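Open your viewer, keep the selection box handy, and let's take a walk through this model together. Each stop says what to select and what is there.

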Protein chains: 2
Amino acid sequence: MRAEPRVVIIGAGFGGLYAARALRDAPVHVTVLDRTNHHVFQPLLYQVATATLAPSDIAVPIRWLLRKQKNTEVLMAEVESVDPRARVVSCRDGTRVDYDFLILAAGARHSYFGHAEWESFAPGLKSLEDAIELRRRWLLAFERAERTTNESDRVAELTFVIVGGGPTGVELAGMLPTIARFGLPKDFRHIDTSKARIVLIEAGPRLLPAMPEPLSARAARDLEELGVELRIGERVTNVGDGFVQLDGERIDARTIFWAAGNAVGGLAAAFDAPRDRSGRVRVLDDLSVPGYPEAFIVGDQAVLRSRGADVPAVAPAAMQSGRTAARNIVHTVRGEGRERFRYRNKGDLATIGRYKAVGVVAGRQLSGWLAWWTWLFVHIMYLAGFRNRLSVLLEWGYSFFTYDRGARLITVPPPPVAPASSRTIKPTW
Amino acid sequence: MRAEPRVVIIGAGFGGLYAARALRDAPVHVTVLDRTNHHVFQPLLYQVATATLAPSDIAVPIRWLLRKQKNTEVLMAEVESVDPRARVVSCRDGTRVDYDFLILAAGARHSYFGHAEWESFAPGLKSLEDAIELRRRWLLAFERAERTTNESDRVAELTFVIVGGGPTGVELAGMLPTIARFGLPKDFRHIDTSKARIVLIEAGPRLLPAMPEPLSARAARDLEELGVELRIGERVTNVGDGFVQLDGERIDARTIFWAAGNAVGGLAAAFDAPRDRSGRVRVLDDLSVPGYPEAFIVGDQAVLRSRGADVPAVAPAAMQSGRTAARNIVHTVRGEGRERFRYRNKGDLATIGRYKAVGVVAGRQLSGWLAWWTWLFVHIMYLAGFRNRLSVLLEWGYSFFTYDRGARLITVPPPPVAPASSRTIKPTW
């Protein structure tokens, strides 16, 4: 016997967290489920991956963020399935939670376009664990390069390939040469880290496809100035241990990062509703699933149109849709009509290295240092409400002036060395 | 053909790092080998384990610390064996390094007194990985307690056992009740975290056996005031998944930390020299191994007497012996006589919770808040030379006044759930 309707929110990324916060004073009981214990400020993940920031600078315990919200409980549990008919969510540890309203905000992973076996050779960057793993990989590559006496091994260790020319790929590709040129050289004796080769591959016709064309061109120019080798319009046909295969060329690289495509996990498939190629559910304009008025999908797992365009899979869209879904639950509980989601595009920025960025803010195209300062201001504003704002500012200020890498830690033990015979995989086609 | 003698240092803890630094201007070529890429400020490891500090606050890349030392190279490699006759060190990845002089500074692990199988249930605290694992374990225990609906499970989840009443055990035991009482309560809905039971077990007759008796008594009183349950003079006879067995009692606890005993790894055994029960080599008073004048052992792997007493296995002794071994190498290269190691005991402090400490400094016994301020001052001074001093001060100041746990992250994915049948182990006696 519950007096109040129970709202279950799956995922505490931007969508889930903003939904939960919007239900603070609502006459409902909220349960937030997340696989991890922390909310991550995703737009800065690449800074953890590049050892500019420490994990705790951009991640905060979810239950700490929601501690003052008396109507909300947080459970750390990995959701395994949703039963939309019985209205129950089941977790891997056996926990089952009934719901009256559901907000699915479980986010996306990278898409390997049907080649799941590429993931172990070319991990993506969606979670804090991913960022720590990426950081570990490129740091270890420099360590191995310093140790080896074999010249072709050394070249492969110092080759870094990033697949995908969206914001994540561009931001990773922009940071690596900066670190290799200015942050590391004095630390090594046997290698010239500034000779590291950084390759950015994008299958489409230009970088940052979501931005206006002139900004793509500017980003390409800025990256080339940093020494990044661009492969635009080239398709990856295979990825294995230590190499990336392009149509006509094989690049030997021990460190490969994947920043291409989005794929949605299986939870969205629980609903008998139309989905797009990457698995996203086409939601109604109140963000509910067609045929399931009590179930909402927000953020990267939903696809819908607003103001004549598809809502992009970006952090502000997740925040806004989380809030709208929450308000629609309150409207329903109160017997009011639901509101229609309208995406408000506040802008879009991507940094390129240490001083530059490109983007559109309030309809104006920005690039260079002005875009970079705007980026800095916007991100510090959005970190408000998290305790880490001061800490991030200090870290940034410190590493900006010193190129020091305080967060350059390899903390996950390297996996056991595999026997040589198992180190290449057979392509499956 | 090398012009200069080659010094190999195994391990970049306090002993190895201070040895390397002391060789800065020496006419030798130095190679520092370490399993990890970072030097850890070990006395503050318990603060990472208790989520007061972030890993990057107390760990710094070794090669960054030694970057200005032109005669020194750093290789991240796990040493597998030492051949004292051929004077060569072999690493797990196949790297082999010849030496003219060796400084073995590989430190100690905890001793499980012949029960290696206890380690997975009761991990120790010697490395950054250990600290992250301990943090993960107690954080997950609170998460599981919040989720469970079974009362006896909940009690076991909220029971924390620490085995070993030395400084590490006392410092861990002092922090946990503080966090449970002041840091966590508002974050949880279904449990009263202040009811967490913290048990500290010490087989000997008193806590902190290296300190004067009145300080042991004071530490015991301070811990009991914090609500810690002391089991002094009680012996652990078995440890398994979810329990600790004492002589006449079984304590059900899902989180068990091991802080008892020291054991030295196999590298020291390469030398045909007398060793003590825990595997430490009895070195000569110039810190060289009897019969091997070119090989020195410093820090926790060596045992020797100085000023009529055994040199303790503490950080200052490691620093001092590292420096003396380095100087003795320089003496030898220059054809001078070697100096005798004399341990200078500067004092010894252990914190108890948030405001208190006990210890001896300059021959004076200190306790309470005065000891705590002394501890703070000493540790901030010793962090000098690392970039993290300001960051640590800020974190401390912040968490001191807010009880906020910014570093409360669970970042290593939990291991796969084992089938029920494999979750208890058979004792081997």
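Two strands are said to pair if DSSP finds at least two bridges between them. The elements themselves are DSSP runs numbered from the N terminus: helices are H or I runs of at least four residues, and strands are E runs of at least two.

A word on ground rules: this is a predicted model, local features need pLDDT of at least 70, side-chain atom pairs count only at pLDDT 80 or more, and totals for chains, interfaces and linings use all residues. Residues are numbered from 1 along each chain as its sequence is written, while chains are lettered from A and ligands numbered from 1 in the order in which they are written.

**Stop 1: a sheet in chain A**

Select residues 347-352 and 356-361 of chain A. These are β25(A) and β26(A), which pair in the antiparallel sense over six bridges. Zoom in on A:Ile352 and you will find its bridge partner in β26(A), A:Lys356.

Now add 364-367, which is β27 of chain A. The three strands make an open sheet in the order β25-β26-β27, with antiparallel pairing. Why do β25 and β27 of chain A each have one side without a neighbour in the sheet? Both stand at the edges with a single partner strand, so one side of each is left free of a neighbour in the sheet. From one strand to the next, the twist averages 5°.

**Stop 2: two helices across that sheet**

Keep the sheet on screen and add residues 213-225 of chain A, helix α8. Helix α8 lies across β25, β26 and β27 of chain A, and runs at about 170° to β26(A). Angles here run from 0 to 180 degrees between N-to-C directions, and axes are lines fitted to C-alpha atoms, for helices over the stretch in contact.

Next, add 368-382 of chain A for helix α10. Helix α10 also lies across β25, β26 and β27, but at about 70° to β26(A).

**Stop 3: a helix pair in chain A**

Select 14-22 and 315-333 of chain A, helices α1 and α9. Their axes come within 7 Å and cross at roughly 35°. Which hand does the crossing of α1(A) and α9(A) have? The crossing is right-handed, a term for the near helix being turned clockwise from the far one by less than a right angle (anticlockwise would be left-handed).

To see the contact, show side chains on α1(A), including A:Phe14, A:Tyr18 and A:Ala22, and on α9(A), including A:Met319, A:Arg323 and A:Arg327. Two residues are in contact if their C-beta atoms, placed from the backbone, lie within 7 Å. By class, this contact of α1(A) with α9(A) has nine nonpolar, four polar and two charged residues. Ala, Val, Leu, Ile, Met, Phe, Trp, Tyr, Cys and Pro count as nonpolar, Asp, Glu, Lys and Arg as charged, and the others, Gly among them, as polar.

**Stop 4: a residue in β12(A)**

Go to A:Ile198, in strand β12 (residues 197-202) of chain A. Is A:Ile198 buried or exposed? A:Ile198 is buried, with 24 other C-beta atoms within 10 Å. The cut-offs are 20 or more other C-beta atoms within 10 Å of a residue's own for buried, 12 or fewer for exposed, and partly exposed in between, with C-beta atoms placed from the backbone.

Leaving aside neighbours within four places in sequence, the contacts of A:Ile198 include A:Phe160, A:Leu176 and A:Val228. Draw a C-alpha to C-alpha distance to A:Ile162 as well: 36 residues away in sequence, it is 7.7 Å away in space.

**Stop 5: a hairpin in chain B**

Switch to chain B and select 236-240 and 243-246, strands β14 and β15. Four bridges join these antiparallel strands; B:Gly240 has B:Phe243 as its bridge partner, and B:Val239 has B:Val244. Two residues lie between the strands of this hairpin, where B:Gly242 takes a positive phi near 90°.

Add 250-252 for β16 of chain B. The order in this open sheet is β14-β15-β16, again with antiparallel pairing, and the twist averages 15° from one strand to the next.

**Last stop: zoom out**

Display chain A whole: it has eleven helices and 27 strands, and 48% of its 429 residues count as buried.
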